[in-house]
Amino acid sequence: MDENGESYRPAEASRQAPRVTEILHSVEVSGFGEREAFIRRMVESVGLPLNNVSRITFRESSAQDTINSGVLGSVHLETGELSFYKRLEGLPEIAQLGVTAHELAHENDPHKKENASLYGSEQNMQRAAENVKKLTNQTKESKVFMNWYHKFLFQQLEAGNIDETRFLRETHAIMVELRYTNPKHLEEVLKSQNKETSAQIMTELDTTLLSLMPHLRNKNELEQHLLSLRQAYNSKLNTH
Ligand SMILES: [Zn+2]
């Protein structure tokens, strides 16, 4: 009970905008030098839950992961550590936002039992995973890919270098990334894969994002959020 005599109910609390700044204050952001504030702001601006983010660090390169030789960001799924890599600095801001959304999608992976609360319910999380599966199935049938990385991962899957779960996790992250940075492209890819299901997959992806961001009350607010982010991070390209 608080001073107004109201019981604390988690379901109600989750309807409020997440105080991401407060969460990030307890997260160590290190190695970025002068860009620390920019990185911190960018991670917060995405709006996805940060509950699993334990640290945010900047790394020279990834020595171990041979699958990802051109890696820009990574998430350690067990510890929640989010890493960005040196190559990221050379990219336009909109692409940096895309990498950030991609990595935060991994932090909120729908193929991990413990993440159900981030989706509001197990059912919501299952629904998100089913949508990823749907896209994955039609990717395998059509051999049409969201981007080069998606294609590369598919080849790795075929070669037995990665397992199905890794492919599903990456598919989820790439979908979310493109919903943030280039939804038109995502829609076109889905249409070329299968005209009949494309609209439904896009709608379900928005449902996924809305369940992860309950402070956005409807599809219009989600659209507005994503549009203003795209405008903000694209602006540097438009000032030449
Ligand atoms: Zn990834």
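Let's start with two strands: S1 and S2 run parallel, and three bridges hold the pair together. What you have in front of you is a predicted model, so treat each feature as part of a prediction. To see how S1 and S2 line up, find Val 29, which sits opposite Ile 56 in S2.

Now step across to the other side of S2, which covers residues 55-59. S2 and S4 also run parallel, this time with four bridges between them. A handy landmark here is Arg 59, which faces Tyr 85 in S4. If you're wondering what these pairings amount to, strands of a sheet pair through backbone hydrogen bonds, in either a parallel or an antiparallel way.

You'll meet the antiparallel kind next. Strand S3 (residues 73-75) is joined to S4 by three bridges, and the two run antiparallel. Look for Gly 73 opposite Phe 84 in S4. S3 and S4 form a hairpin with six residues between the strands, and in this hairpin Gly 80 takes a positive phi near 80°.

Put the pieces together and you get an open sheet of four strands, in the order S1-S2-S4-S3, with mixed pairing. Its edge strands are S1 (28-30) and S3, each of which pairs on one side only. From one strand to the next, the twist averages 15°.

Which residues of S4 are on its covered face, and which on its uncovered one? In this strand (residues 82-85), Leu 82 and Phe 84 make up the covered face, while Ser 83 and Tyr 85 make up the uncovered one.

Time for the helices that lie across the sheet. Helix H3 (residues 36-46) lies across S1, S2 and S4, and runs at about 135° to S1. Helix H4 (residues 93-107) lies across S3 and S4, running at about 10° to S3.

H4 deserves a longer look. With 15 residues at 1.5 Å each, H4 should span 21 Å, and its end C-alpha atoms are 21 Å apart, so the two agree. Is H4 enclosed or open to the outside? Twelve of its 15 residues are buried, so H4 is largely enclosed by the rest of the structure. Among those buried residues are Leu 97, Val 99, Ala 101 and Leu 104, but also His 102 and Glu 103. The cover over the buried residues of H4 includes H3, S3, S4, H7 and H10.

Follow that list to H7, a helix of 18 residues (164-181). From first C-alpha to last, H7 reaches 26 Å, close to the 26 Å expected at 1.5 Å a residue. H7 is mostly covered too, with 14 of its 18 residues buried. One contact point with H4 is easy to find: Val 176 touches Ala 101, His 102 and Ala 105, leaving aside residues up to four places away in sequence.

That brings us to the inside. In soluble globular proteins, nonpolar side chains tend to be buried together. Here, the largest nonpolar core has 39 residues, and Ala 101, Met 175, Val 176 and Leu 186 touch the most other members. Several elements each supply at least two residues of this core, including H3, S4, H4, H5 (122-142) and H8 (183-193). The largest share, six residues, comes from H7. The core also draws at least three residues from each of domain 1 (10-92) and domain 2 (113-239).

Key:
Residues numbered from 1 in each chain as written. Predicted model: local features only at pLDDT ≥ 70, side-chain atom pairs only at ≥ 80, totals over all residues. Buried ≥ 20, exposed ≤ 12 C-beta atoms within 10 Å, placed from the backbone. Pairing = 2+ DSSP bridges. Axes fitted to C-alpha atoms, helices over the stretch in contact; angles between N-to-C directions. Contact = placed C-beta atoms within 7 Å. Expected span 1.5 Å × (residues − 1). Core = buried A, V, L, I, M, F, W, Y, C linked by C-beta atoms within 7 Å. Domains from an automatic or database assignment.
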